[in-house]
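Q: Hey, can you walk me through this one? I'd like to start with charged side chains that pair up, then look at a helix and some pockets.

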Amino acid sequence: WMELLRYTAIRVGSLVGISVQDARHAIAIGRLELRSEFAKRGKGYSIPLTKKAKHALKELLRVRVAMGYALEPDAPLVMSQKGKGISIRSLQSRLRHWVDMAGLDDITPHWFRHTLAMRIMNQSTAVNKLGVVQAALGHTTATATMIYTRPSKEDIALAMEEAS
């Protein structure tokens, strides 16, 4: 599920709303359609899937079967050990546990959104990089997207040093 967050920049609330059927459909058409009932402000949107994002969905389906759960179409894609759809808080808690074990700081499920936004801004050859990030994050305004693309303190310091 962390790979899916990394490669799609979806919110954790959208992740818990993905069903087995949603995952299979996304793999088949190459787009992940996030339903409005699980999207922020009730605004569903659709994003293209990269090969790595498709692989992450396939792995989540495989893990679900390995855990002993059938691939019932309406069932949640990501399950808890108790056999129910996993909660946002449980995902946050698991990530916090692994981050602490690794000795890392400040990594949350939402961090993956910021990271993909910055990777697009830094690595894309698109003419309108901000527009690409806006579409990828499902934002309706560029203003909302700009929060995700602010330069880091290090980038600001380096740019000021280069300009002086």
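A: Sure. Being 3 residues apart in helix H4 (residues 51-66), Glu59 and Arg62 are separated by about one helical turn. Their side chains meet in a salt bridge, 2.9 Å from N to O. Keep in mind that this is a predicted model.

Q: OK, and are Glu59 and Arg62 buried or exposed?
A: In between, for both. Glu59 is partly exposed, with a relative accessible area of 28%, and Arg62 is partly exposed too, at 45%.

Q: Why would side chains like that pair at all?
A: Side chains of opposite charge can pair when their charged atoms come close.

Q: How many salt bridges are there in total?
A: The count comes to 3 salt bridges. Another one joins Asp100 and Arg96, where the closest N and O atoms are 2.9 Å apart.

Q: Where do Asp100 and Arg96 sit relative to each other?
A: They are both in helix H5 (residues 88-102), 4 residues apart, so about one helical turn separates them. Asp100 counts as partly exposed at 47% relative accessibility, and Arg96 counts as partly exposed at 32%.

Q: And what does Asp22 pair with?
A: Asp22 forms a salt bridge with Arg35, and their closest N and O atoms are 2.7 Å apart. This pair links distant parts of the chain: Asp22 is in helix H3 (residues 20-29), while Arg35 is in the loop between strand S1 (31-34) and strand S2 (45-48), 13 residues apart.

Q: Is Asp22 buried or exposed?
A: Buried, because its relative accessibility is 17% and the cut-off for buried is under 20%. Its partner Arg35 counts as partly exposed, at 31%.

Q: Cool. New topic: which residues are buried in helix H7?
A: H7 covers residues 129-137, and Val133, Gln134, Ala136 and Leu137 are buried there. Seen down the axis of H7, the buried residues fall within an arc of 165 degrees, so they line one face of the helix.

Q: What covers the buried residues of H7?
A: The cover includes helix H1 (2-8), S2, helix H6 (111-123) and helix H8 (142-146).

Q: What comes right after H7?
A: Gly138 follows H7, and its phi is positive, near 75 degrees.

Q: Now pockets. How much space lies in the largest pocket?
A: About 340 Å³. It is lined by 14 residues, and the closest to its centre are Tyr7, Thr50, Leu116, Ile120 and Ala136. You've already met Ala136 as one of the buried residues of H7.

Q: Which element gives the most to that lining?
A: H6 does, with 4 residues. H1, S2, H6 and H7 each supply at least two residues of the lining of the largest pocket.

Q: What kinds of residues make up that lining?
A: The lining of the largest pocket divides into 9 nonpolar, 3 polar and 2 charged residues.

Q: And what about the volume of the second largest pocket?
A: That volume is about 280 Å³. The second largest pocket is lined by 14 residues, with Met67, Met79, Ser80, Gln81 and Ile86 nearest its centre. The elements giving two or more residues to this lining are H4 and H5.

Q: H4 and H5 again! How does the lining of the second largest pocket split by class?
A: By class, that lining has 9 nonpolar, 3 polar and 2 charged residues.

Key
Residues are numbered from 1 along each chain as its sequence is written. This is a predicted model: local features need pLDDT of at least 70, side-chain atom pairs count only at pLDDT 80 or more; totals for chains, interfaces and linings use all residues. Side-chain values use heavy atoms; hydrogens and water are left out. A salt bridge is a side-chain nitrogen of Lys or Arg within 4 Å of a carboxyl oxygen of Asp or Glu. Buried means under 20% relative accessible area, exposed over 50%, partly exposed in between (1.4 Å probe, protein chains only). The arc is that of the directions from the helix axis to the C-beta atoms. Contact means heavy atoms within 4.5 Å. On a 1 Å grid over the protein atoms alone, a cavity is a set of points where a 1.4 Å probe fits but cannot get out, and a pocket is an open set with protein on both sides within 12 Å along at least five of seven lines; lining residues have an atom within 4 Å of a point. Grid points are joined across faces, edges and corners, and a volume is the space filled by probe spheres set on the points. Ala, Val, Leu, Ile, Met, Phe, Trp, Tyr, Cys and Pro count as nonpolar, Asp, Glu, Lys and Arg as charged, and the others, Gly among them, as polar.
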